[in-house]
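Here are some questions and answers for reading a protein model with care. Each answer sets a value against a definition before it draws a conclusion.

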Amino acid sequence: MHTTVGIIGGGPAGLLLARLLHVAGIDSVVLESRDRAYVEQRQRAGILEQTTVDALRAAGAGERMDREGLVHHGIELRFDGRAYRLDFPGLTGGRSVMVYAQTEVVKDLVALQLREGGPLLFEAEVTGVEGADTGRPVIRYSHGGREQVLSCDYVAGCDGFHGVAKQAVPEAARRTYERTYPYAWLGVLADAPPPGDELVYAHSDRGFALASMRSPVVSRLYLQVPNGAALADWPDGRIWDELDARLAADGSRPLHRGPITARSVLPMRSHVTEPMRWGRVFLAGDAAHIVPPTGAKGLNLAAADVLVLAHALTARYATGSTELLDAYSDTCLKRVWRAEHFSWFMTTTLHTDPGHGPFERRLQLSQLDRIATSSHAAAELAHNYVGLPVGLPVNSPSC
């Protein structure tokens, strides 16, 4: 079997790329190692940047998002017993974010792909990519108990941190940059109304906390915990008590408590693999970079990557020029490193590092106070949170 673009990975990056290519009249095949039920239930990010929202609408995947998603015009920072709200539209010239869970984005894109797009093969385990530096790379995979081969004009590796696509880049040419953080997140879903209409990020001596949401009646909540924390050590009562303590600020009320329906521990790390392109193989999303979730950048970085790649492939087949494809890695990495820096800044400013003492805590409070009192500092945070430009030409409809 041959296709124009072979896409490894049926997560949001691979599915959005397939949809964007379909709209542009370019055929593709998506290979996903897991079954459909697993893919549609993976709990991940829930904050969509303005650019991601615009891309989903342009791809025809925005109808349910616009009906059920929650537009947020700011966030609240809590620290030193105080609360400060950042007004995103006022600080960024009208931009905002939307709360719409990654699980729902994936469901929408899967439905569109199966109804209108090219082949989407679940339980298709990719074992390797060959011929990245030739004119017709090959993806080897198993599906339905048979070993199969997919030849392509181009390959998009959207298969995550542990995927095989990045192995197409020779080890001698691969550069890896990473940082592991000395804490993790305990994340829970609870059948309880969120504490407010917007996200609350809290710094405290007890550690970081985040109050988010999936809907007006379902809360998504996070606590900083030590690396290696066991879920058994965190019964419901302890979780709610710790959230109340860390989120406390002047005038704040205790959280609405309800049944906790899901919980998991999420390690924190930063990781970038360069280059993001080798020959005719292009890496996108977690296959090329990981960010700690504090800045809400993971899904949005993946969306930005595939916007750049879809635009470059569209130009290639419309004009014959490979200029944008050749620039793909450099174009994406400029934005990736800015998002890595923002995610690192949010993480190290809001979390309590067990290796730090009173001096470092005072520096954190000083930085948070500057955000609360300086319009320049507040605007810098707001612009990064709602999403920086993707880097496409200004006349592109995807900008």
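A helix here is a DSSP run of H or I with at least four residues, a strand is a DSSP run of E with at least two, and both are numbered from the N terminus. The model is predicted, so local features need pLDDT of at least 70 and side-chain atom pairs count only at pLDDT 80 or more, while totals for chains, interfaces and linings use all residues. Residues are numbered from 1 along each chain as its sequence is written, and side-chain values use heavy atoms, with hydrogens and water left out.

Q: What follows helix α12, and what is the sign of its phi?
A: The residue after α12 is G387, and its phi is positive, near 115°.

Q: How do you know that the length of α12 agrees with what is expected of a helix?
A: The expected span is 1.5 Å times one less than the number of residues. For the 12 residues of α12 (residues 375-386) this gives 16 Å, and because the end C-alpha atoms are 16 Å apart, the two agree.

Q: Which residues of α12 are buried?
A: Buried means under 20% relative accessible area, exposed means over 50%, and partly exposed lies in between, with a 1.4 Å probe and protein chains only. In α12 the buried residues are A377, A378, A379, L381, A382, N384, Y385 and V386.

Q: What makes strand β14 largely enclosed by the rest of the structure?
A: Strand β14 covers residues 209-215, and 7 of its 7 residues are buried, so the rest of the structure largely encloses it.

Q: How do you know that β14 pairs with β13 and with β15?
A: Two strands pair if DSSP finds at least two bridges between them. There are 3 bridges between β13 (residues 199-202) and β14, which run antiparallel, and 6 bridges between β14 and β15 (residues 218-225), also antiparallel. As examples, A202 has A209 as its bridge partner in β14, and L210 stands opposite Y222 in β15.

Q: What joins β14 to β15?
A: A hairpin with 2 residues makes this connection. In the hairpin of β13 and β14 there are 6 residues between the strands, and G207 takes a positive phi near 120°.

Q: Why are β3 and β4 said to stand at the edges of their sheet?
A: The open sheet has 3 strands in the order β3-β7-β4, with antiparallel pairing. Both β3 (47-48) and β4 (70-72) have a single partner strand, so one side of each is left without a neighbour in the sheet. The pairing of β4 with β7 (residues 97-99) rests on 3 bridges, and V71 has M98 as its bridge partner in β7.

Q: How do you know that C158 is in no disulfide?
A: A disulfide is a pair of cysteine sulfur atoms within 2.5 Å, and the structure holds 0 of them. The nearest cysteine sulfur to that of C158 belongs to C332 and is 11 Å away.

Q: Why do C158 and C332 count as buried?
A: C158 has a relative accessibility of 10%, so it counts as buried. C332 is buried as well, because its relative accessible area is 3%.
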